[in-house]
Amino acid sequence: MKPNGTSLNTRSNGHHPAYDLLHDITVDEIGDDHVASSIETPLRDDAFDLSDEAKMDLIEGHFRHIMNILGLDLTDDSLKGTPRRVAKMYVKEIFSGLDPAKKPQAALFENKYQYNEMLVEKGITVHSHCEHHFVPIIGRAHVAYISSGKVIGLSKLNRIVQYFAKRPQVQERLTVQIANELKTVLETEDVAVVIDARHLCVSMRGVQDVNSSTVTVHYGGKFKSDEATRQEFLRHVSEPTAAL
């Protein structure tokens with residue numbers, strides 16, 4: 001026994017080394033499997049009790065602590081502002097999609113042109129972050145819908161994708177969240193979403209495969225039930241994007 005009463009076979013955290021090894025293996029396996037616990041992003045009930053400024057103050061302090069643990073010299077001109085920059089980036093930018101108050105308000109318009117074919121918005125930029133390692137997911141989303149009598153401004157399709165991307169994510173959940181929101185906003189089940197993205201948690205660490213990408217899809221309504229509709233959508237997505 002050590003003087004403080006802990007066993008020589010335990011670490012300072014009170015755990016046996018075998019426990020910590022098993023825990024690390026389990027954590028790594030879950031992270032590499034990219035599993036999602038639910039369709040909804042896991043949030044506590046008090047997630048928005050703090051103001052953005054208060055969150056940034058706390059994150060700044062914690063990130064400064066992380067940098068200190070890593071041995072970085074925070075008196076260096078290049079580093080001393082990093083904790084605040086990271087805090088602002090987290091709250092105001094890359095994780096701003098956690099806040100429901102920032103969800104884009106998508107106004108619908110009468111389909112006066114009586115356009116009843118599919119509308120496809122493809123090549124929408126996706127910048128998200130893996131919730132297991134907090135490193136980027138970078139790719140493209142392609143969305144389509146068939147009007148039920150209403151239409152939506154084109155830019156709102158991009159904004160909906162970006163809103164759900166700006167939070168810690170797994171790609172499967174992101175795909176379903178975008179599809180469900182489009183169904184609700186557009187008042188139709190005739191919605192399709194495809195995301196093709198690269199995960200830096202795959203290319204930078206672990207297996208370190210820089211060539212692979214992940215494709216996830218969601219088909220609703222006619223896109224799911226009608227093969228011809230689905231194939232038409234996929235054909236549009238595979239065609240080269242119009243040049244400017």
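**View 1. Strands β3 and β6 lie side by side in antiparallel fashion.** Nine bridges connect β3, residues 136-146, with β6, residues 191-199; two strands are said to pair if DSSP finds at least two bridges between them. Strands here are DSSP runs of E with at least two residues, while helices are runs of H or I with at least four residues, and both are numbered from the N terminus. To follow the pairing, start at I137, whose bridge partner in β6 is H199. G139 is matched with A197 of β6, and Y145 sits opposite V191 of β6.

This is a predicted model, in which local features need pLDDT of at least 70 and side-chain atom pairs count only at pLDDT 80 or more, although totals for chains, interfaces and linings use all residues. Residues are numbered from 1 along each chain as its sequence is written, and side-chain values use heavy atoms, with hydrogens and water left out.

**View 2. Here is the whole protein chain, for orientation.** The chain holds eight helices and seven strands. Of its 244 residues, 32% are buried; buried means under 20% relative accessible area, exposed means over 50%, and partly exposed lies in between, using a 1.4 Å probe and protein chains only. Contact means heavy atoms within 4.5 Å. Among contacts between residues at least 6 apart in sequence, 66% join residues at least 24 apart.

**View 3. Five strands form an open sheet in the order β5-β2-β3-β6-β7.** The pairing in this sheet is mixed. The edges belong to β5 (168-169) and β7 (214-219), each with a single partner strand, so one side of each has no neighbour in the sheet. Helix α5, residues 171-186, packs on the sheet and touches β2 (118-130), β3, β5, β6 and β7. The direction of α5 makes about 155° with that of β6; such angles run from 0 to 180 degrees between N-to-C directions, and axes are lines fitted to C-alpha atoms, for helices over the stretch in contact.

**View 4. Strands β3 and β6 are each largely enclosed by the rest of the structure.** In β3, eight of the 11 residues are buried. In β6, seven of the nine residues are buried. Strand β6 also pairs with β7 in the antiparallel sense, over six bridges. One place to look is V194, whose bridge partner in β7 is V217.

**View 5. A hairpin links β2 and β3, with five residues between the strands.** These two strands pair in the antiparallel sense over 10 bridges. One of the matched pairs is H127 with I138 of β3. The loop between β2 and β3 is home to F134, a residue other than glycine with a positive phi near 60°. F134 is partly exposed, at a relative accessible area of 39%.

**View 6. E187 is another residue with a positive phi to look for.** Its phi is near 60°, and E187 is not a glycine. You will find E187 in the loop between α5 and β6. At 53% relative accessibility, E187 counts as exposed.

**View 7. Helices α4 and α5 meet at an oblique angle.** The axes of α4, residues 154-165, and α5 come within 9 Å and cross at roughly 140°. Angles under 35 degrees count as roughly parallel, over 145 as roughly antiparallel, 65 to 115 as roughly perpendicular, and the rest as oblique. The crossing of α4 past α5 is right-handed; a crossing is right-handed if the near helix is turned clockwise from the far one by less than a right angle, and left-handed if anticlockwise. On the α4 side, L157, I160, V161, F164 and A165 make the meeting, facing L174, Q177, I178, E181 and L182 of α5.

**View 8. Helix α3 falls short of the span of a straight helix.** Its 13 residues, 82-94, have end C-alpha atoms only 16 Å apart, whereas a straight helix would reach 18 Å at 1.5 Å a residue. The expected span is 1.5 Å times one less than the number of residues in the helix. Which residues of α3 are buried? They are T82, P83, V86, A87, V91 and I94. The cover over these buried residues includes α2 (52-69) and β2.
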